[in-house]
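Colleague: I have a model open on my screen and would like some help reading it. Could we go through a few features together?

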Amino acid sequence: MPYSKIIFSFIAILAATFHTFEWGVKFDAIGMSLLLLAAIPWASSWLESIKVGNFEAKFRELQEAVDATQKELDQLKSTYREMEQDFMKTCNEFDPDAPATELNKLASKLKAKAKGLTSIDFLFSNLANSSNQAEVFGAACALHVRPQFHAIDGVINLLDALSKTATLRDFRLKTIYRLLMAVDEIVKLDTRNDESLLTDEQRKGIARVLAQLQSHPRCLADDTSQYAAKIIAKL
């Protein structure tokens, strides 16, 4: 016998009655609140279906709908993870010794897949410190078709680090060029805006790093140097 429930409800009902009649007032919000309070201990047995006027809320059906929605969200997350993993798998097809035509084909494949990703942020979490040329190549391709202002600092920091080494960490110039293409898209997008989204400090940083790259011995004999100069002229 749920004596505690009975006692609780009895006290609440008694308080509602006292409030309503002792002071000669009509049944008001306080009295209603006290009666609802009295009903709380017994609410669990009523949650299957509550009827108020023409409205009927079925809590179990609502819970089932919530569970179904959560399941769909979990499936979507799983699909997104699979797409990201597939993109990274494609990045690993990068061969630093492959001919330029093969790298161009890989770039086209990566850009097509990047367009279908929900987000490309996962590619830039540690880009500035990355020595994985395959991942850098993939990130550059993705950023080329989906320019992201918040990724520019990571790309520029990476180019800064590369340009300060004698060998550009042995990165293919094709990879460097792809990174420049990504930077170029961000700069062009910024110039099309009424107000610049790049700060003056960022613009100066981009120009400084690209100037380093432009004069790098490995780039001087390649069109990478000329491309860097073209981007600088847009800043």
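**Cysteines, rings and a helix residue**

Modeller: Gladly, and let's start with C141, which is buried at a relative accessible area of 1%. Buried means under 20% relative accessible area, exposed means over 50%, and partly exposed is in between (1.4 Å probe, protein chains only). Bear in mind that this is a predicted model, where local features need pLDDT of at least 70, side-chain atom pairs count only at pLDDT 80 or more, and totals for chains, interfaces and linings use all residues. Residues are numbered from 1 along each chain as its sequence is written, and side-chain values use heavy atoms, with hydrogens and water left out.

Colleague: How many disulfides are there?

Modeller: A disulfide is a covalent bond between the sulfur atoms of two cysteines. The working rule is a pair of cysteine sulfur atoms within 2.5 Å, and here the count is zero.

Colleague: Why is C91 not bonded to C141?

Modeller: Because the closest cysteine sulfur to that of C91 belongs to C141 and lies 7.8 Å away, the two are too far apart for a bond. C91 is itself buried, with a relative accessible area of 0%.

Colleague: And the aromatic rings, how many pairs do they form?

Modeller: Rings of Phe, Tyr and Trp (its six-membered ring) pair if their centres lie within 6.5 Å; planes under 30 degrees apart are stacked, over 60 edge-to-face, and the rest tilted. That gives two aromatic pairs. One of them joins F94 and F137, a tilted pair with 5.0 Å centre to centre and 45° between the planes. This pair links distant parts of the chain, 43 residues apart: F94 is in the loop between α3 (59–91) and α4 (100–115), and F137 is in helix α5 (residues 133–145). Helices (H or I, at least four residues) and strands (E, at least two) are DSSP runs, numbered from the N terminus.

Colleague: Are F94 and F137 buried or exposed?

Modeller: F94 is buried at 9% relative accessibility, and F137 is buried at 1%. Y177 and Y227 also form a tilted pair, 4.7 Å centre to centre with 35° between the planes. Y177 sits in helix α7 (residues 173–192) and Y227 in helix α10 (residues 223–234), 50 residues apart. Y177 is partly exposed at 25%, whereas Y227 is buried at 12%.

Colleague: Which residues is A142 in contact with?

Modeller: Contact means heavy atoms within 4.5 Å. Leaving aside neighbours within four places in sequence, A142 touches F87, A114, I120 and L123. A142 lies in helix α5 and is buried at 0% relative accessibility.
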